[in-house]
Amino acid sequence: MASEKEEFVTKLYVPTGEPIRKNAHVTIYRVRCMQEPGRPEAILKLYHNKNCAKVYERLMQLNYTEWPHIHNVKFFDGNTLVVEDYLKGATMQEIMDGKRAQKAKYTEVEAQKIMDRICEAVKVINEIQPPLSHGNLKKSNIFITSGGHVKFLDFEPADPKKPRFNLLDFLGRLFHELLTGKEPKGKNVSYEGRYKQVIEKCLEPNPEHQYSDIKEMQEDIEVAKEMEYEEPEEVRTVGIPYILTLPFQGTILAVEWTLFSFFFQKNNMTNAAMFGGVFLVHLLLFIWRRAKFLRDENVRLDAVKMLVPIIAFIVILALIYVGVGRFIVPIT
């Protein structure tokens with residue numbers, strides 16, 4: 001006769017294949033709920049040598065939208081079996097890893113929307129009475145569904161042997177990573193933007209200067225969202241075609257200027273006018289083509305990057321003119 005555990009995993013919830021994850025902590029299967037209408041697909045999690053049945057029994061009873069719907073919970077031989085909805089989407093860990101691989105990051109608007117949903121979900125859990133604790137909150141346990149909803153995974157009882165989890169510090173680091181693509185180093189915030197003070201207050205080591213609760217953090221995010229703030233222009237690197245570079249065009253212009261200088265100082269005004277005209281037309285055409293390229297690429301140069309090459313070019317032309325006069329044109 002089959003044991004209760006065997007009945008649970010062979011008749012009630014039947015695996016559809018090999019485990020989708022297996023380690024010392026948990027084994028996870030995709031299963032079919034055989035006794036539910038339509039036999040929906042679900043996830044069966046076997047927590048090894050861990051009793052978190054009471055936590056999941058409460059989650060099943062409360063049935064909030066901030067975590068997957070719990071179909072069943074059993075405790076067998078020191079292991080906890082949990083059957084919950086199969087979700088479509090990805091964890092924050094998977095999402096951020098994907099962003100890093102693409103060398104991309106969220107805009108402030110996108111990051112704020114994600115953070116707002118996460119904070120709201122945290123607020124809902126915190127307001128449940130008696131309090132409901134998630135003793136294992138991390139990026140891999142925050143799931144964003146394909147519909148954009150936030151779900152918390154892998155609830156565990158708080159471990160009294162571990163340091164007390166600092167929720168606001170975690171949220172500040174997550175917000176920083178959403179905005180910059182990387183976590184802050186210690187308490188140092190590299191992000192410069194409208195939400196900088198929110199992140200700094202989350203990371204504040206002195207509890208008296210940190211947010212008192214998640215609601216206060218949400219209020220500051222809303223205030224910062226409405227602030228008039230001009231985002232720093234993104235630094236872009238573009239490959240300027242060689243024909244539009246100063247070394248290439250500058251060499252040609254320098255040759256034309258040398259010829260102009262030579263004939264001008266020889267009082268040969270016909271040739272001086274010809275090469276002077278060629279130099280001027282070439283210079284204006286080069287400036288127009290380079291400016292058009294930068295405009296089309298939406299690249300803006302600061303004052304230093306614009307003025308230094310111009311000043312250097314004028315100095316070179318002056319030296320050429322003086323050099324032609326002193327060393328090439330005979331002094332009579």
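## Aromatic clusters, helix packing and unusual backbone geometry

Ring pairs join W257, F260, F264, F279 and Y321 into a cluster. The model described here is a predicted one, and every value below is computed from its atoms. In total, the count of aromatic pairs comes to 13. Among them is the pair formed by F175 and Y195, whose ring centres are 5.3 Å apart and whose planes stand at 45 degrees, so that the pair is classed as tilted, which covers angles that are neither under 30 degrees nor over 60. This pair links distant parts of the chain, since F175 belongs to helix 5 (residues 167-180) while Y195 lies in the loop between helix 5 and helix 6 (196-202), with their positions 20 residues apart in sequence. Both F175 and Y195 are buried.

### Helix packing

F175 also takes part in the packing of helix 5 against helix 4, where it is one of the helix 5 residues that meet helix 4. Helix 4 (residues 108-126) and helix 5 pack at an angle of about 160 degrees, and their axes are 9 Å apart. Because angles over 145 degrees count as roughly antiparallel, helix 4 is roughly antiparallel to helix 5. The crossing of these two helices is right-handed. On the side of helix 4, the residues involved are E108, A111, Q112, I114, M115, I118, C119, V122 and N126, and they meet L167, L171, L174, F175, L178 and L179 in helix 5.

A second packing involves helix 8 (residues 246-265) and helix 10 (residues 303-328), whose axes come within 9 Å and cross at roughly 35 degrees. The crossing of helix 8 and helix 10 is likewise described as right-handed. Helix 8 contributes L246, G250, L253, A254, W257, T258, S261, F262, F264 and Q265 to this contact, and helix 10 contributes P309, F313, L317, I320, Y321, V324, G325 and I328. W257, F264 and Y321 appear in this contact, and these residues are also members of the aromatic cluster.

F263 lies in helix 8 as well, and this residue is buried, with a relative accessible area of 16%. Leaving aside its neighbours within four places in sequence, F263 is in contact with N268, N271, A272 and F275. F263 and F275 are twelve residues apart in sequence, and their C-alpha atoms are 8.7 Å apart in space.

### Charges over rings

Two basic side chains lie over the faces of tyrosine rings, as listed here.

| Charged residue | Ring | Distance from the ring centre |
|---|---|---|
| R30 | Y86 | 4.4 Å |
| K99 | Y106 | 4.3 Å |

### Backbone geometry

Most residues other than glycine have a negative phi, and most peptide bonds are trans. Against that background, K103 has a positive phi of about 55 degrees although it is not a glycine, and D154, also not a glycine, has a positive phi of about 50 degrees. K103 is placed in the loop between helix 3 (92-101) and helix 4, whereas D154 is found in the loop between strand 9 (150-152) and helix 5. As for solvent accessibility, K103 counts as exposed because its relative accessibility is 80%, while D154 counts as buried because its relative accessibility is 12%.

The peptide bond that joins Q129 and P130 is cis, with omega at about -10 degrees. P130 is found in the loop between helix 4 and strand 8 (142-145).

Conventions
Residues are numbered from 1 along each chain as its sequence is written. This is a predicted model: local features need pLDDT of at least 70, side-chain atom pairs count only at pLDDT 80 or more; totals for chains, interfaces and linings use all residues. Side-chain values use heavy atoms; hydrogens and water are left out. Rings of Phe, Tyr and Trp (its six-membered ring) pair if their centres lie within 6.5 Å; planes under 30 degrees apart count as stacked, over 60 as edge-to-face and the rest as tilted. Helices (H or I, at least four residues) and strands (E, at least two) are DSSP runs, numbered from the N terminus. Buried means under 20% relative accessible area, exposed over 50%, partly exposed in between (1.4 Å probe, protein chains only). A charge sits over a ring if NZ of Lys or CZ of Arg is within 6 Å of the ring centre and within 35 degrees of the ring normal. Axes are lines fitted to C-alpha atoms, for helices over the stretch in contact, and angles run from 0 to 180 degrees between N-to-C directions. Angles under 35 degrees count as roughly parallel, over 145 as roughly antiparallel, 65 to 115 as roughly perpendicular and the rest as oblique. A crossing is left-handed if the near helix is turned anticlockwise from the far one by less than a right angle, and right-handed if clockwise. Contact means heavy atoms within 4.5 Å.
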